[in-house]
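Please walk through this model from its ligands outwards, keeping the structure open alongside the text. The paragraphs below take up the ligand shells, then the domains, and then some local details.

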Amino acid sequence: MNRHIEQLYRSAKKRSRLVIGLMSGTSLDGLDVALCRITGHGTDTQIELLAFSTVDYDEGYKQKIKSVFAKRQVDLQQVTLLNPWVGVLHGQMVNQCLAKWNMSPTDIDAIASHGQTIYHCPLRQHGQSEFGNATLQIGDADHIAVTTGILTIGDFRQKHIAAGGEGAPLAVYGDYLFFTSKQENRILLNMGGIANLTYLPCSADASAVFSSDIGPGNTIMDAYVQRHFTPLHYDKDSAIACQGTVQPSLLDSLLQHAFFALDFPKTTGPEVFNLDYLHAAQVRSSTQHLSHEDVLATLNLFSATTIANAINFAAAELGDFCVYASGGGIHNPLLMEHILRLCPKVSNIQNTGTLGIDPDAKEAVLFAILANECLVGGQQPFGNIEQGIPDITMGKISFPD
Ligand SMILES: Nc1ncnc2c1ncn2[C@@H]1O[C@H](COP(=O)(O)OP(=O)(O)OP(=O)(O)O)[C@@H](O)[C@H]1O
Ligand SMILES: CC(=O)N[C@H]1[C@@H]2OC[C@@H](O2)[C@@H](O)[C@@H]1O[C@H](C)C(=O)O
């Protein structure tokens, strides 16, 4: 038997495993690296986050990814070059973290790698009926496995599409397994580049769970800051937006996209919500000459409004519920203040730290959970394909040699 198959078998039989979850999101800020001890599987999954680092990307990385990111036309040679290059770089970043944590690759059962999304296009976005839903992540897992010497599980999204989903959000699988409570209804809200939510009823009935992307979290605000406030990457602590005034006609125009009128579940990305989208909304509302501060104040309320609308929609189905937030948006005080004000049924928003998972690490941890299911668990029985949650096991396995 291939010794890697034997190792897989041994890992799968253990009571608990060490899995490193890797997430490189749409914000392109850095690679989130979460070292998790995972005990059990399925609804008995327990997680201990042993260490977490975000390894920042340098400007060179950001520029290279941006050259192919969320663009319909790109240099295909550049995409081909970046696929292994990102994999090797992510592998090297894991090696750095292991050295920092005094761990050896032999201590680790598996790496779970999301990769870097460079294009996401569900059918209802591209509209070409001969094609289906599609999404593309680069940073090939074989390169991570060889660079680290650790078995790597990657490319999680393709199975979701193959089985009828849009390839996202995948968070719902881990959210259901780890965050379901029999005491309270929960909404898990993640605000990264794109915002999404998972609704977890306290009945723990998997078929009543639902999950969806909401729209832009930070992505347009980040792009605007990067263009007009170089070298800033984002509006730290909402400092710029707080100096501006919301422009109601621009806000109305931003809210006009057909995506917001679609029923849940739905997915989107910076392919749709970007600076061109903002520009078109400014032209429609004759607000091209606003100050940068006013534009950011309006973008901030735009994200908050769509997030609040999604929470209020979910709330209409629920009695009492608690919201637990994660992702970089929780550090944006103006965004959080707006959301709270616009959600009358929400008296406060906690973050997932209250539930034992660092909110900045949450997505990386979720991919570790998916890898654990690939090794030990199996098909997730949601029975909920109408809600975009097919019953599947996700991930492809790469051996280190
Ligand atoms: N102090 C802060 N003030 C304001 N915004 C912040 C702060 N810290 C982080 N952010 C925002 O959070 C973003 C990063 O969020 P996160 O790492 O969750 O995104 P991501 O994982 O790349 O996105 P996605 O989940 O869409 O893939 C930053 O780009 C910034 O917009
Ligand atoms: C295609 C893609 O990478 N989508 C991301 C993105 O970032 C947030 C939102 O859009 C979500 O749908 C997804 O990531 C999370 C981890 C998910 O699948 O749950």
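In this predicted model, the shell around ligand 1 is built from both parts of the chain, with at least three residues drawn from each of domain 1 (3-170 + 361-398) and domain 2 (181-355). The shell comprises 21 residues, of which Gly 25, Ser 27, Gly 192, Asn 218 and Gly 328 are the closest to the ligand. By residue class, the surroundings of ligand 1 consist of 13 polar, six charged and two nonpolar residues.

Ligand 2 has a shell of its own, and here 18 residues are found, with Thr 117, Ala 168, Pro 169, Ala 171 and Ile 194 coming nearest. Two elements, S4 and strand S8 (194-200), each give two or more residues to this shell around ligand 2. Its composition is 11 polar, five nonpolar and two charged residues. Because domain 1 (3-170 + 361-398) and domain 2 (181-355) both give residues to the shell around ligand 2, this ligand lies between them.

The ligand shells lead on to the domains themselves. The division of the chain is into domain 1, which is made of the two segments 3-170 and 361-398, and domain 2, which covers 181-355. The C-alpha centres of the two domains, domain 1 and domain 2, are 24 Å apart, and the contact between them involves 23 residues from domain 1 and 26 residues from domain 2. On the side of domain 1 that touches domain 2, strand S4 (110-121) and helix H13 (362-375) are the elements that give two or more residues, and the largest share, three residues, comes from S4. The residues on this side of domain 1 comprise nine nonpolar, 10 polar and four charged. S4 thus appears in two settings, since this strand gives two or more residues to the shell around ligand 2 and also contributes to the side of domain 1 that touches domain 2.

Taken as a whole, the chain has 13 helices and 12 strands, and its C-alpha atoms fill a box of roughly 70 × 50 × 45 Å along the principal axes. For 401 residues, a compact globule would be expected to have a radius of gyration near 21 Å, and the 20 Å of this chain therefore agrees with that expectation. Of the 401 residues, 50% count as buried. Among contacts with a separation of 6 or more, residues 24 or more positions apart account for 73%.

Helix H7 (residues 171-179) offers a local view of such burial, as eight of its nine residues are buried and the helix is mostly covered. The buried residues of H7 are Ala 171, Val 172, Tyr 173, Gly 174, Asp 175, Tyr 176, Leu 177 and Phe 178, and they pack against strand S3 (46-56), strand S7 (185-191), S8, strand S9 (210-216) and H13. Ala 171, buried in H7, is also one of the residues that come nearest to ligand 2.

A last stop is Gln 247, which is placed in the loop between helix H8 (219-228) and helix H9 (248-254). Gln 247 counts as buried because it has 20 C-beta neighbours inside 10 Å. Leaving aside residues up to four places away in sequence, Gln 247 touches Thr 287, Leu 290, Asp 294 and Thr 298. Glu 166, by contrast, is separated from Gln 247 by 81 residues in sequence and by 34 Å in space, C-alpha to C-alpha.

Conventions:
Residues are numbered from 1 along each chain as its sequence is written. Chains are lettered from A and ligands numbered from 1 in the order in which they are written. This is a predicted model: local features need pLDDT of at least 70, side-chain atom pairs count only at pLDDT 80 or more; totals for chains, interfaces and linings use all residues. A residue is near a molecule or strand if its C-beta atom, placed from the backbone, lies within 6 Å of it. Ala, Val, Leu, Ile, Met, Phe, Trp, Tyr, Cys and Pro count as nonpolar, Asp, Glu, Lys and Arg as charged, and the others, Gly among them, as polar. Domain bounds come from an automatic or database domain assignment. Two residues are in contact if their C-beta atoms, placed from the backbone, lie within 7 Å. Helices (H or I, at least four residues) and strands (E, at least two) are DSSP runs, numbered from the N terminus. The radius of gyration is taken over C-alpha atoms; the globule rule is 2.2 Å times the number of residues to the power 0.38. A residue is buried if 20 or more other C-beta atoms lie within 10 Å of its own, exposed if 12 or fewer, and partly exposed in between; C-beta atoms are placed from the backbone.
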